[in-house]
Amino acid sequence: MNKAILHVVICSCLILAACGQEEPPSAPPEIQSTGTIVAMGDSLTEGLGVSEEETYPALLQKALRDKGYGYRVVNAGISGETSSGARSRMDWVLRMKPDIIILETGVNDGLRGLDPELIRRNIREMVDAFTAEGIDVVLAGMKIVPNLGPAYSEMFADVYTDVGGDNDVILIPFFLEGVAGVPKMNQPDGIHPTADGYARVVEHIFPYVTAAIARHQEQSR
Amino acid sequence: MSKLKFILRDINRTRSQAIVFALCVSLAMVTLVAVNGFSDSVNTTLLNDARALNAADIIVRSRQPLSPGLVQKIAEMESARSIESAPIYEFYSVARTAAGDGSLLSNIKAVSKGYPFYGRCELASGRYLTEVLLPGRIVVAPILLERLGLRVGDSLSIGRATLAIADVVLKEPDRPLDAFAFGPRIFVSTADLERIDLIGKGSRVSYAVLIKVADAADLTRSVDLLTAAADPVQERVDTYRTAPSGVKRFFDNFIFFLNLIGIFTLLLAGIGIYTTLTAYLKEKEKTIAVMKTVGASSRFILTHFILSLLFISLIGTGVGLVLGLAAQKIIPALISGLIPQQIGLSLSWTGILEGFCLGIVGVALFAFLPLYRLRGIKPADIFRKDDNQPPGGLPYYLTLVVIGTVFTAMVLWQLQVLSSGLLFVASAFGFILMTAVFTHAILLILRRLPVKTLILRQALKGLFRPRNATRPVIIILTASLAVVFTIYGVETNLDRDYVQSYPPDAPNLFFVDIQPDQQADFDRALGINTRYFPIVRARILSINGDNIDRGKERQRRRGDNLARTFNLTYRNDLLDDEIIKTGSSLFRSDWNEIQVSVLDTVIKMHDLKIGDRIVFRIQGIPLEARISSIRTRTKDSLKPFFYFVFQEDTLKDAPQTIFTAVRVEKSRIAGIQNAIVEKFPNISVIDMTETITTFAGISRKLSNTIRFFTAFGILVGLLITVSSVLATRLARTREAVYYQVLGARSAFVFKVFGLENLIIGGLSGLLAMVISQAASWIIITKVFDITFKPITGAGFIMIAVATLLVTISGLLPSWTTLRKRPVAFLREQTNE
């Protein structure tokens, strides 16, 4: 009905995204956890449109265990979230007492054409707060879809290189390297990776995560 | 010729019955012709309109550049001149002022010559888009000029090109009413796309090709060819008939309701025809017996009566058709401006013919049984007083089956949907059966009631007098009144849903993504008294220990599912439009665990009750909550609502954003939008004014039309009710005479008859009200899928009016008799 349509419209405005599959990941009992990684981010982290086991945090945990890292990877992704939303839930993420945080945010700001300066401020604040708690931060570098215009795209990409330039942060230059813009790696919406896309993402970010683990273990020693 | 004279003389002798019969036929005709003709022409108009709403006959859509196979197929078909095509590209981009002092996210639509194939893009200058949108030029939405402080003639940078603003777009045909966009529209020419240079690897672009077929008859073939060439995963081929459009769905419900009224009327008319005809032929029984005595064959008699009925039916039909056509003329005036891109309603002859045929079949069907009974009349019946033959035998039941089957077929034909059609028929028969059972039970009780007052005792006795047919009369009255009440019930519910969803204070400006630490500053900047809703995003992991099956949940076709992310909120009070449906209060003070109040909509997705436990996962952290209450909303208006409400203490520290919605004057929106965006860049301001205004306007018009048809249907129903009473009560006049012969005064007879009719009317009214509530509940919840509110106060008035009407019309036939001297009536009777 008319009203129903409107509700849908409004809901989609509010949510900006819908579903993703998830079940609580079950850990093989023989591996002892040696730490917690919180994957904080938007729909790309939450895994919109793929099942729980196919999201990047789930695949990353599996890949880490295969290599003998007994880390738990918590999926703390919220579809549609902007960097401002991420910033305001820092305390919640800290409750999970993470050793490492993979921070993937800002794309929804970019898709709405928000001022890159705002994204920079938010990410900077988060990185500072996390590192102050002794958490190692892996920052997922992002690029915005080129149709927003060259000037905007450049300013947007600069945010990550700027903040990631600090010694305290491990920067993944581009989180979706080899996935973005490749039709078969993405769902029909063109921006959310498929299961294959996420496998590629994990392959790509794995060295950055293990570097963070190494650093974290060194620091805690 | 002498035969015709005989028929006319025969009809004339029982003209009051004949008139009532003709009235039933014509009323049925009027409604059927008007409703059918109207819904038919609305449908045609809508299909024409749908073409304009999509600007094309066929639309191909994709998120990727079209596949080579499809591009080649389109080129082939175009060179064969069987189609014309126009590519469209839509994407967001940040447009900048040439001076570099302002920028705005805009919704760019690149179109080529030919767009739109149907409908029209309205520009402020009144010119055509194709004249204005030359290379190097753009056409923008008015809000863009306001937000960036630009004027027509200024330049705007999009991508790598700087383009001149040539005009302002006021309305585009293929932008759906429910369209939502983060930024204002900019039209560019596809010729400029290369210069703009924004479509490339990784770009997020909606690709579409609009196609116009050269020959309308070729539509299906063209669609098949294109679908075969398209990539089934990435590309969608829609026609203007199948493309999703909010308006189309909207009107589908509307037409459905009209068809429903058509069927109801048919049912009513059938009842009317049956009762009046039975009464009419009853009066003729003596004539038939005499005819048989003087040697007329059964066949002769049957032919005679069929011809008589045909004659009366034709008069009824003629009158009905003329009135129906007149109604067709009035309707377009009623709905003028109702349909967007109005094409105008033409008189739909097919619709009219359909209604006409439906009416004829109805008359024939309901007339069969009374006519069939004529066979059983014997010459000896001249001398019998109690000549009621009980119905029965194979032909009787066979006829009932045929009526049932034909009725089912008609309903299915009118409603076009098998499941709802069958549900409708099953409910209709179920209700008739229920009425019969109830009536039987109540009569049984009444019969045993010890009554002291003479008048009341006589009235009650009257109900059970042989030949009085009290039970069939009550059943027929209940059925027809139930139909009338149901039409009313459905109308009020639809009206509430259509119109009252858009109250004048419905919010039109939505603010999303307010951060908790911004709320105080935001509130000061907005300066409007409003309620803030915290939103905590979460998913449901399990209910009572059972994990949610996400795959299964997502397969649900209708409504919502439990697999998605939900917006939780917290507060300790109910909203104005909420009430507790189950449970004593929003939260329980005697529970120490985490509590959640659930909206009843969730119950539709999963059976839940108080005390059940739901495990949510709030961004990594699980939270188990026990259901403390189930809420419901009192109005389905456009106000914010939440499925899950927690206590403040539970969620106040959870990650959240804040949302609010306000109602502001259209003229203030741009100002507010600018001020908020400048100060709080992360907050998105969503302006729904246009969508809401358009929807509200359409609903109001629609509601008026529905009301017109409802009034019409109710009027027809009441007239038929009255005529049924008149027909069946006519036989009662003889008793009035006997009372008088026995020394009763007119006043006494009048009181007894009045009371008797009052009991019949009141009983039917009450039963009908109960049944109609159930029937409208089924229609509203199962067919229209909206919340149902029973008729309350108006219900009593309706019962009272119905009772009064039945009583008065029941008394009318006795009126003339009572004023005459008994002997005159007896003399007439003996002459028969």
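Student: How do I read the packing of helix α3 and helix α7 of chain B, and at what angle do their axes cross?

Tutor: Two packed helices are described by the angle between their axes and the distance between those axes. This is a predicted model, and in it the axes of α3 (residues 68-79) and α7 (residues 219-229) of chain B come within 8 Å and cross at roughly 150 degrees. That makes α3(B) roughly antiparallel to α7(B), because angles over 145 degrees count as roughly antiparallel.

Student: Which residues make that contact?

Tutor: On the α3(B) side they are G69(B), L70(B), K73(B) and M77(B). From α7(B) come S222(B), L225(B), L226(B) and A229(B).

Student: Let's stay in chain B and look at strands. How many bridges join β2 to β6 of chain B?

Tutor: Strand β2 (residues 83-97) and strand β6 (residues 155-158) of chain B run antiparallel and are joined by 2 bridges. Two strands pair if at least two bridges are found between them. To see one of the bridge partners, go to T97(B), which is matched with L156(B) in β6(B).

Student: And what does β6(B) do with strand β7 of chain B?

Tutor: β6(B) pairs with β7 (residues 161-171) of chain B over 4 bridges, again in the antiparallel sense. Here I158(B) has A161(B) of β7(B) as its bridge partner. The two strands form a hairpin with 2 residues between them, and G159(B) takes a positive phi near 60 degrees there.

Student: What about single residues? Where does L302(B) sit, and why does it get the exposure class it has?

Tutor: L302(B) belongs to helix α9 (residues 298-334) of chain B. The class comes from counting neighbours: L302(B) has 15 C-beta neighbours inside 10 Å, so it counts as partly exposed. Leaving out residues up to four places away in sequence, L302(B) touches L371(B) and L374(B). The C-alpha atoms of L302(B) and I288(B) are separated by 9.7 Å, with their positions 14 residues apart along the chain.

Student: Where would I look for L574(B)?

Tutor: Look in the loop between β14 (566-570) and β15 (578-582) of chain B. L574(B) has 15 C-beta neighbours inside 10 Å and therefore counts as partly exposed. For a sense of its surroundings, take V645(B): it is 71 residues away along the chain, and the two C-alpha atoms are separated by 9.6 Å.

Student: Over to chain A. How many helices and strands does it have?

Tutor: Chain A comes to 9 helices and 5 strands. Reading from the N terminus, the elements go α-β-α-α-β-α-α-β-α-α-β-α-β-α. Of its 221 residues, 52% count as buried.

Student: What order do the strands of chain A take in the sheet?

Tutor: It's an open sheet of 5 strands with the order β2-β1-β3-β4-β5 (chain A), and the pairing is parallel. β2 (71-77) and β5 (169-172) of chain A stand at the edges with a single partner strand each, so one side of each has no neighbour in the sheet. Ignoring direction, neighbouring strands are turned by 20 degrees against each other on average.

Student: Can you walk me through one pair, and which helices pack on the sheet?

Tutor: Take β1 (residues 35-41) of chain A, which pairs with β2(A) in the parallel sense over 7 bridges. Within that pairing, I37(A) has V73(A) of β2(A) as its bridge partner. As for helices, α8 (residues 150-164) of chain A packs on the sheet and touches β4 (136-140) and β5 of chain A, its direction making about 150 degrees with that of β5(A). Helix α9 (residues 195-220) of chain A lies across β2, β3 (100-104), β4 and β5 of chain A, at about 165 degrees to β4(A).

Student: What bends α9(A), if that's how to put it, or rather where does its kink lie?

Tutor: The kink, about 45 degrees, lies at I205(A), shortly before the proline P207(A). You can also check the helix's span: at 1.5 Å a residue, the 26 residues of α9(A) should span 38 Å, and the end C-alpha atoms are 35 Å apart, which agrees.

Student: Which residues of α9(A) are buried, and what covers them?

Tutor: The buried ones include G197(A), Y198(A), R200(A), V201(A) and I205(A), and further along V209(A), A212(A) and I213(A). Their cover includes α3 (56-66), β2, β3, β4 and β5 of chain A.

How values were computed
Residues numbered from 1 in each chain as written. Chains lettered and ligands numbered in written order. Predicted model: local features only at pLDDT ≥ 70, side-chain atom pairs only at ≥ 80, totals over all residues. Axes fitted to C-alpha atoms, helices over the stretch in contact; angles between N-to-C directions. Contact = placed C-beta atoms within 7 Å. Expected span 1.5 Å × (residues − 1). Bend = angle between axes of the 7 residues up to and from the residue. Buried ≥ 20, exposed ≤ 12 C-beta atoms within 10 Å, placed from the backbone. Parallel < 35°, antiparallel > 145°, perpendicular 65-115°, else oblique.
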